[in-house]
Amino acid sequence: MRNTVAAYFLLTSLMGIGTAAGAECPPDALGTSRTIVVDPTEHVRLGAHQYRESLPLQDREVVLTFDDGPLPPYTTRILDLLASECVKATFFMVGRMVRGYPSLVRRAYNEGHTIANHSQNHPFTFHKMTVEHASQEIEDGFTSLRTVLGDPNAVAPFFRIPGLLRQEPVERYLTSHGYMTWSVDFLADDWTHIRAEEIARRAIDRLEAKGRGIMLLHDIQPATALALPTILRELKARGFKVVHVQPATPDRPKTVTEPEQWALRTTPAHSQFWPRVVATANPENAAAPTLAAPNPWNFGLIASREGGVVKVTLAPNFERAPTREADVPLPLWPRRVSYSVPVEAHVLPVPGAYNFRYSRVFRLPNADKTKVATRKPATTTAGPGTGSTPAPAKPKDPAHTGSVASATSAPRPPYPIGHQFSVARPLPYGLR
């Protein structure tokens, strides 16, 4: 019901965009500032979210990417919005969705967008499946795209792992076959079924924090199609530029870049954390400053010049910390117990464990002791004529039944990252 209401609102709010898509770009359109042509064999993995390299973008440049499509009417409206602002994006499409809606794939390609692969069925097991199974998903996805478009060169050799659930053997397979693995620089969380306003807010706020990067959106989500007008409007108002990415071909040479442009830059160029490096006018002739060595009196310690000792404060040895001594509450740690240390000492004693109080002591289990599971024999009761019969089983406690894991079962390791692949039900054909 919620998807249906959102779809109706989407159709009414975006009415008229389809006619603008085929017209010329308006003078105030966001537009595509430039196109980067990349060689997948030189830079095999992209995205600061998981890798050490990202696209050679300048400050306040963004690359728009869409996953999981195509799916009408949402992909249709997103294509209309991008066309109305003359913006080019990269679509990572799922093979079975491509087979279901081939006209949308052809439209996205004919309008100049980059078409890339997002596997055939979008499984959430890429981080643990075998390379043979992963290669089947990868190659079937490329086959679906090439079959629908009718031209193998129309599909970019870009691949994004479903759910970003990466593993090194699969990445090595992609590299060996000339495919560039794409991750992201930041996400908008639009697969989590949040409102369109929240999607736009997270996308813009995280882009502002990064300064540049690859944005991940999903064109199968109705809320994403509702949020995209706000995202494009905010990009234009805040001075961001959209960059398009294409693969290098014999007729399309790669963009000339420097290796350092691909390396991650965690700190934007316009800001720098303390300490700042102050350059001197003549560093070759500048003499190194000399500072006096610190002495114990520089650290607030009470020193006795006559006795030649420094009094330091440590806590006494104890097994359990008392809270009161007689009727007087004890002060907070450290207690004022003085120990004398010579002033001229260069090495101080290492404090023992008893100098630190813990409200609860953590003890590791004994590795030598191994628990062996034993099964108790069934209790028997005397039966008529046969000697003994199994005792009736005790009824299970309802509080301990159901899907709750037992205490002895190992917890399932969490996924490193991922999102749910949920396809909203499209509208009837007459309402698209």
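**Close-ups of helix 6 and the salt bridges**

**View 1. Helix 6 and its packing partners.** In this predicted model, the buried residues of helix 6 pack against three other helices and three strands by name: strand 4 (90-93), helix 4 (95-100), helix 5 (102-110), strand 5 (114-117), strand 6 (158-159) and helix 7 (168-176). The buried set itself is made up of Ala134, Ser135, Glu137, Ile138, Gly141, Phe142, Ser144, Leu145, Val148 and Leu149. Residues three or four places apart on an α-helix point the same way, because each turn takes 3.6 residues.

**View 2. Helix 6 from end to end.** Helix 6 covers residues 131-149, so 19 residues by the DSSP runs used here. From first C-alpha to last, helix 6 reaches 27 Å, close to the 27 Å expected at 1.5 Å a residue. Right after helix 6 comes Gly150, with a positive phi near 75 degrees.

**View 3. Lys254 meets Glu42.** Here's a salt bridge whose closest N and O atoms sit 2.4 Å apart, between Lys254 and Glu42. The pair ties together distant parts of the chain, 212 residues apart: Lys254 belongs to the loop between strand 10 (241-247) and helix 10 (259-262), while Glu42 belongs to the loop between strand 1 (32-38) and strand 2 (45-46). Lys254 counts as partly exposed because its relative accessibility is 38%, and Glu42 is partly exposed too, at 43%.

**View 4. Arg160 with Asp67.** Arg160 and Asp67 form a salt bridge, and their closest N and O atoms are 2.8 Å apart. Again the partners come from distant parts of the chain, 93 residues apart, with Arg160 in the loop between strand 6 and helix 7 and Asp67 in strand 3 (residues 61-67). Both Arg160 and Asp67 are buried.

**View 5. Lys236 with Glu85.** The salt bridge between Lys236 and Glu85 has its closest N and O atoms 3.6 Å apart. Lys236 lies in helix 9 (residues 222-237), and Glu85 lies in the loop between helix 3 (74-84) and strand 4, 151 residues apart. Lys236 is partly exposed, with a relative accessible area of 33%, whereas Glu85 counts as buried because its 18% relative accessibility falls under the 20% cut-off.

**View 6. A salt-bridge network.** Six side chains are strung together by salt bridges in this one: Asp189, Glu198, Arg201, Arg202, Asp205 and Arg206. Side chains of opposite charge can pair when their charged atoms come close. For the model as a whole, the count comes to 18 salt bridges.

Notes
Residues are numbered from 1 along each chain as its sequence is written. This is a predicted model: local features need pLDDT of at least 70, side-chain atom pairs count only at pLDDT 80 or more; totals for chains, interfaces and linings use all residues. Side-chain values use heavy atoms; hydrogens and water are left out. Helices (H or I, at least four residues) and strands (E, at least two) are DSSP runs, numbered from the N terminus. The expected span of a helix is 1.5 Å times one less than its number of residues. Buried means under 20% relative accessible area, exposed over 50%, partly exposed in between (1.4 Å probe, protein chains only). Contact means heavy atoms within 4.5 Å. A salt bridge is a side-chain nitrogen of Lys or Arg within 4 Å of a carboxyl oxygen of Asp or Glu.
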